[in-house]
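Here are some notes to read alongside the structure, written as numbered points. Take them in any order you like after the opening one.

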Amino acid sequence: AGGAAGAGPQAAAVPSGVKLLLLWCDAAEGARPVSQTAKMLRAAVSTVAVEVPAARAGGKASTAVTMLGSAGGAQQQAHGQQQQRGRELCTVRSWEFPESLLLLLRSEAIVTRVDASLQTVVEGGDVFAKKLRARFDGTVHTAGDFTVRVLEAWLNDREEASGVVIELVYEPLATVASAAAVLSEYSDTLRQVINAPGTGLAGKLLAVQPHHGSYKLPPTYSYEHLCIQYVQAFSLIVRNAASSSSAGHAKAAASGRGGQRA
């Protein structure tokens with residue numbers, strides 16, 4: 001059933017607080033490396049939230065997402081006009097639940113938890129023709145009851161980061177609905193701080209909307225909620241990276257045609 005937690009050593013564990021992921025969309029996209037943008041974002045966040053040394057924060061805050069896609073894509077049957085799409089399975093590993101692996105099947109709205117030792121079995125073999133990986137890691141900051149993590153997203157072990165996500169956590173509340181307003185309010189504060197004069201930044205801080213309701217999860221925030229959020233953020237970053245790449249190729253092609261005419 002959708003949202004049921006699988007067997008595993010930490011199947012009963014729940015995170016502290018409720019999380020909201022924010023994706024930074026830079027108005028000057030491509031003008032500087034993403035890692036430089038992340039550095040500027042950290043400097044802006046540090047004006048309202050104190051950075052916590054890695055040792056005090058419990059080590060490096062790192063979350064890994066793998067998207068596995070089966071071959072075939074969408075195929076339409078001649079009889080019954082039914083569409084069969086290649087299934088897409090996503091796995092999530094996080095520093096918060098090192099002994100568990102979360103699995104998400106979006107086409108069926110299923111998210112479940114298994115023992116981390118099964119990761120090689122799940123991701124290995126020839127079942128999946130497409131494999132995309134992302135690693136989110138960065139710095140931890142605190143401001144009262146809020147924890148703010150400024151995370152760079154690294155796709156397929158590229159030398160340069162492909163995006164920046166801010167993970168915002170409100171500790172006192174445990175349900176998604178109860179924390180929504182206060183997380184939204186603090187997100188607005190961060191937007192003002194980041195886009196303030198002197199930061200060198202201009203852009204949008206977009207809330208990742210993962211549509212938890214379709215997975216029939218309980219109201220209390222869980223690692224299953226976190227899994228859905230990170231997969232959605234990953235998908236947006238992959239889409240943005242593909243769009244940027246296409247735009248870059250188009251610009252290069254146009255430049256080449258202009259040189260030929262000259």
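1. The lining of the second largest pocket is a mix: 10 nonpolar residues, five polar and two charged. Here Ala, Val, Leu, Ile, Met, Phe, Trp, Tyr, Cys and Pro count as nonpolar, Asp, Glu, Lys and Arg as charged, and the others, Gly among them, as polar. The pocket's volume is about 270 Å³. Among its 17 lining residues, L20, V176, A180, L183 and Q209 are the closest to the centre. Two elements give two or more residues to the lining, strand 1 (18-26) and helix 3 (176-194), and helix 3 has the largest share with seven.

2. Some ground rules before going on. This is a predicted model, with residues numbered from 1 along each chain as its sequence is written. Local features need pLDDT of at least 70 and side-chain atom pairs count only at pLDDT 80 or more, while totals for chains, interfaces and linings use all residues; side-chain values use heavy atoms, leaving out hydrogens and water. A pocket is an open set of points on a 1 Å grid over the protein atoms alone, where a 1.4 Å probe fits, with protein on both sides within 12 Å along at least five of seven lines; lining residues have an atom within 4 Å of a point. Grid points are joined across faces, edges and corners, and the volume is the space filled by probe spheres set on the points.

3. Now the overall picture. The chain has four helices and 12 strands, taken as DSSP runs numbered from the N terminus (helices H or I, at least four residues; strands E, at least two). Buried residues make up 42% of the 262 in the chain; buried means under 20% relative accessible area, exposed over 50%, and partly exposed in between (1.4 Å probe, protein chains only). Of the contacts (heavy atoms within 4.5 Å) with a separation of 6 or more, 66% join residues 24 or more positions apart.

4. What sits in the largest nonpolar core? A nonpolar core is a set of buried Ala, Val, Leu, Ile, Met, Phe, Trp, Tyr and Cys residues joined through side-chain atoms within 4.5 Å. This one has 58 residues, and V92, L104, F136, I166, L183, Y186 and I194 touch the most other members. Helix 4 (residues 223-261) gives the largest share, 11 residues. A second, separate core has seven residues, including L68, L89, L101 and V114. In soluble globular proteins, nonpolar side chains tend to be buried together.

5. Two of those core residues are worth a closer look. Beyond its neighbours within four places in sequence, I166 is in contact with L20, L21, L22, V45, V148, R149, V150, L190, I194 and L205. L183 belongs to helix 3 and counts as buried, at 4% relative accessibility. Leaving out residues up to four places away, L183 touches V18, K19, L20, F146, L168, V169 and Y170. F146 is 37 residues from L183 along the chain, with 9.0 Å between their C-alpha atoms.

6. Helix 1 (residues 34-45) passes a length check: at 1.5 Å a residue, its 12 residues should span 16 Å, and the end C-alpha atoms are indeed 16 Å apart. The expected span is 1.5 Å times one less than the number of residues. T37, A38, M40, L41, R42, A44 and V45 are buried in this helix. Those buried residues pack against strand 1, strand 9 (130-143), strand 10 (146-155), strand 11 (163-170) and helix 3.

7. D26, in strand 1, is a charged residue that is buried, with a relative accessible area of 15%. Beyond residues up to four places away in sequence, D26 touches R32, T37, L201, A202 and G203.

8. Finally, a look at backbone angles. Most residues other than glycine have a negative phi. A109, in the loop between strand 7 (100-105) and strand 8 (110-115), has a positive phi near 55°. K216, in the loop between strand 12 (203-207) and helix 4, also has a positive phi near 55°. Buried or exposed, A109 and K216? A109 counts as buried at 18% relative accessibility, whereas K216 is exposed at 67%.
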